[in-house]
Every structure is written in C-alpha cells, then in structure tokens.
Amino acid sequence: VNSMKFFVFILLWCLCGMTLQAQFVYYPASDFPLLGKISEKTETRYERLPALLNGNTRPPVWELGKNTAGLAIRFVSDSKAIAVRWTLRAQVTMSHMALTGIQGLDLYTLEGKKWRFVNVARPEGKENTAVIISNMEPVEREYMLYLPLYDGVVSLEIGVDSTASIGQPKVDLPVRDKPVVCYGTSILQGGCASRPGMAHTNILSRRLNREFVNLGFSGNGQLDYEIAGIMTNRDAALYILDFVPNASVQQIEEKAERFFRIIRDKAPDVPVIFVEDPPFTHSKYDRVMQQEIERKNKALHIVFDRLKKAGEKSIWLLPSEKIIGDDAEATVDGIHFTDLGFMRYAEYLYPVIKKRMKKE
C-alpha cells in the first residue's frame, strides 16, 4: 500500500512538472533585437567582437569577446509569466563573483520611460531553464533581458504562456542611434556585479535610455590597437576610455595616444572621456599599489595634456577620487566593484555623460 501511494505521488509530481513546462511556448531570442554590439559581423550572434579579429587580436581578448557582457534582448509580451532557456558556452566560475552575474540573466520592464527590475534567471548548469516571473496581469509590457557578464551564450529562448503573444518592441528605448561606446577592464565588463543589470554600463543605459556598447576585457584592457579600430564601427554619441587599471605605466606612455588617434581619425567630433585609475580601497594600506595608481594616473595626465596642447577638443579627463565613495565599502576584494560600487560609479558618471551628450 505504501509503495502504491509513493508511486502515485511520483506520478502526480511528474505530471505537475510536465504541466508547468507545457504552459510555456518558447521562441528563439534571435527573433528579437539584440542591443550592445559594436558589429553584427560576429562568428555567432551572442558575442562582442567581429569575426575579422579572430587571429588578429591577442587570444585572451578574443576569448573574452565571447562573453556577453552588455548584450540585451528587447521584446514585448502580454504573457502572465516569462521563462528562459539558455545554454552556456563555458560554465565559468569565480570565487569572488555570484553565478547570477557570471552566468545568469535578468529581466527589466519599462514603466513609463523608466526601466524596473523584474527578476533574475538563476543558472543551474550548462543547460538552463528558469521561470523568471509568473502570476502577472496579462497586459502588454516592454521587456529587456540582459545576458551573462562573464560567460557566453550558445543558445537562448524566451518562454511565454501558450495563449500569450510575444513580438518586436514597440517603444524605441533605449535609443539605439548613436550609442555610448566604452572600453576598459574587468570592472567595465561587470566584475563583480551580482547580476547582469547591475554592471554600471547597463545601469547607465537604463538611466539615459541610450544603448551602451561594453568592450570591457577582464585583465586585458591593455590598449590593443585593433580594438580601437572597431570602436568606430558604429556612429557613437560618446566614447569612454577606462583602461588604466589594466594598462602599465609603459603601455599608457607608449600606446594611449595612438589608441586615441585611431578613434579620433574616424570620429573627429565625438566626445571622448578618459577615466583615471580608481583609488582601490586596499591601496590605503598597500603602499606599492598606492604608488602604482599615482604613477599610472600621472602618465595618463601627461598624455591628456599633450593631446590638449595639440589642439584636441571634446576630450575630458575624469578624476576618480570619489568614483566609488570614500568609505571603502564598495568592492568585493579591494578592486572589483559590488553592486554598491557599480551604483556609485554610475551615479558619478551619469551627469558627466548626460552633459557631454547634450552639449554635443
């Protein structure tokens, strides 16, 4: 009798699971716009660097280009629930960053002209299925789905109720004409945000309602000229160069001006913002780190002053002293930002970017 009850329980449990799965109809995310790319000519859809750089940039840069940092899917649906199925490229893990930030996805919806967080899709393995939200009113909503920051996506599907519709966005937000193009390091790529939407480029994109292109390469923002060459593939509103944490003093002295010139030759009137090395919190005690930051920032100032003396206009150098506050609470490891750090960084950059874009 007990075994029969157990069998019935298992059967009902399986049928319940099948019913929950059956309520969704999945659509390829490739049917919908993908924001955040500098070029559409990539080897696969969900990567950041154009195929022409395969073999023409350093291997670690190329591999990091397959991470989907800053990429987001836009769609509209009247579904009462939203689900996702996605396959990860490499199942990357790190000891100081949440898997939801490395491998997960998170969903936002548009309320008026402001984006509001809905929920996150938690990764469970290489092949993932997750219900992001359920029990909603069946009204049409605009959505933006952010992709993982430190892993790649091989395939991605969006699930909606079997009786619901899903389609192309009807509101042109974020504005895709003239994106803000950012180049930098692991921090720019999103380390160590708890979920994709909390990377500062994504925060700023929502606040400004302007598309951002994230060309952050963890440990490898080292002024590779071919990256400067692709940054003008799209007509940008603004360029942000935030490479100092990865570049050595010698690289800044020898490569920063040429990197800038490659961009400037193709985009002579677009504003460019250089960003100093942030005052990493443990540099207060680590004297070698403190001296290195000072030397790097001094080298950057020398390059910037030389550009200004040469007559360059529409360039700015952003001091970083207050970039993540002064209470030493905004990083996970003294260097990489927590969500608090990213919020503070975004708040710091927001008025600067808004002013420059409006002025130009």
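Strands β4 and β7 run antiparallel and are joined by 6 bridges. Across this pairing, Val84 stands opposite Ala130 in β7. The model is a predicted one. The points below cover the sheet, a buried residue in strand β6, the salt bridges, a helix pair and an enclosed helix.

**The open sheet**

- Strands β4 and β7 belong to an open sheet of 4 strands, arranged in the order β1-β9-β4-β7 with antiparallel pairing.
- The edges of this sheet are β1 (24-28) and β7 (127-133), each of which pairs on one side only.
- From one strand to the next, the twist averages 25°.
- Strands of a sheet pair through backbone hydrogen bonds, and the pairing can be parallel or antiparallel.

**Ala121 in strand β6**

- Ala121 is located in strand β6 (residues 114-121).
- With a relative accessible area of 0%, Ala121 is buried, because buried means under 20%.
- Apart from neighbours within four places in sequence, Ala121 contacts Val84, Trp86, Gly104, Leu105, Ala130 and Ile132.
- Two of these contacts, Val84 and Ala130, are the residues that stand opposite each other where β4 meets β7.
- Ala121 and Val153 are 32 residues apart along the chain, and their C-alpha atoms are separated by 14 Å.

**Salt bridges**

- Side chains of opposite charge can pair when their charged atoms come close.
- The model has 19 salt bridges.
- One of them pairs Glu142 with Arg74, with the closest N and O atoms 2.9 Å apart.
- Glu142 is in strand β8 (residues 141-146) and Arg74 in strand β3 (residues 72-77), so this pair links distant parts of the chain, 68 residues apart.
- Glu142 counts as buried at 8% relative accessibility, and Arg74 is buried as well, at 2%.
- Another salt bridge joins the side chains of Arg85 and Glu157, at 2.9 Å from N to O.
- Because Arg85 lies in strand β4 (residues 82-88) and Glu157 in strand β9 (residues 153-161), this pair ties together parts that are 72 residues apart in sequence.
- Arg85 is partly exposed at 30% relative accessibility, and Glu157 is partly exposed at 26%.
- A further salt bridge is formed by the side chains of Asp106 and Arg195, again at 2.9 Å from N to O.
- Asp106 is in strand β5 (residues 105-111), while Arg195 is in the loop between α4 (186-189) and α5; the two are 89 residues apart.
- Asp106 and Arg195 are both buried.
- Glu257, Arg261, Arg264, Arg306 and Glu312 form one network through salt bridges that share partners.

**Helices α7 and α8**

- Helix α7 (residues 249-266) packs against helix α8 (residues 287-309) at an angle of about 35°, and their axes are 9 Å apart.
- The crossing of α7 past α8 is right-handed.
- On the α7 side, the residues that meet α8 are Val249, Ile252, Glu253, Ala256, Glu257, Phe260 and Arg261.
- On the α8 side, they are Glu292, Arg295, Lys296, Ala299, Leu300, Val303, Arg306 and Leu307.
- These contact residues comprise 8 nonpolar and 7 charged residues, with no polar ones.
- An α-helix has 3.6 residues a turn, so residues three or four places apart point the same way.
- Among the contact residues, Glu257, Arg261 and Arg306 also belong to the salt-bridge network.

**Helix α5**

- Helix α5 (residues 200-208) is largely enclosed by the rest of the structure, because 8 of its 9 residues are buried.
- The buried residues are His200, Thr201, Asn202, Ile203, Leu204, Ser205, Arg206 and Leu208.
- His200, in helix α5, has a relative accessible area of 2% and is buried.
- Setting aside neighbours within four places in sequence, His200 is in contact with Ile187, Leu188, Phe342, Tyr345, Ala346 and Leu349.
- Just after α5, Asn209 has a positive phi of about 50°.

Key:
Residues numbered from 1 in each chain as written. Predicted model: local features only at pLDDT ≥ 70, side-chain atom pairs only at ≥ 80, totals over all residues. Heavy atoms only, no water. Axes fitted to C-alpha atoms, helices over the stretch in contact; angles between N-to-C directions. Left-handed = near helix turned anticlockwise from the far one by under 90°. Contact = heavy atoms within 4.5 Å. Nonpolar A, V, L, I, M, F, W, Y, C, P; charged D, E, K, R; others polar. Buried < 20%, exposed > 50% of the residue type's maximum accessible area, 1.4 Å probe, protein only. Salt bridge = Lys/Arg side-chain N within 4 Å of Asp/Glu carboxyl O. Pairing = 2+ DSSP bridges.
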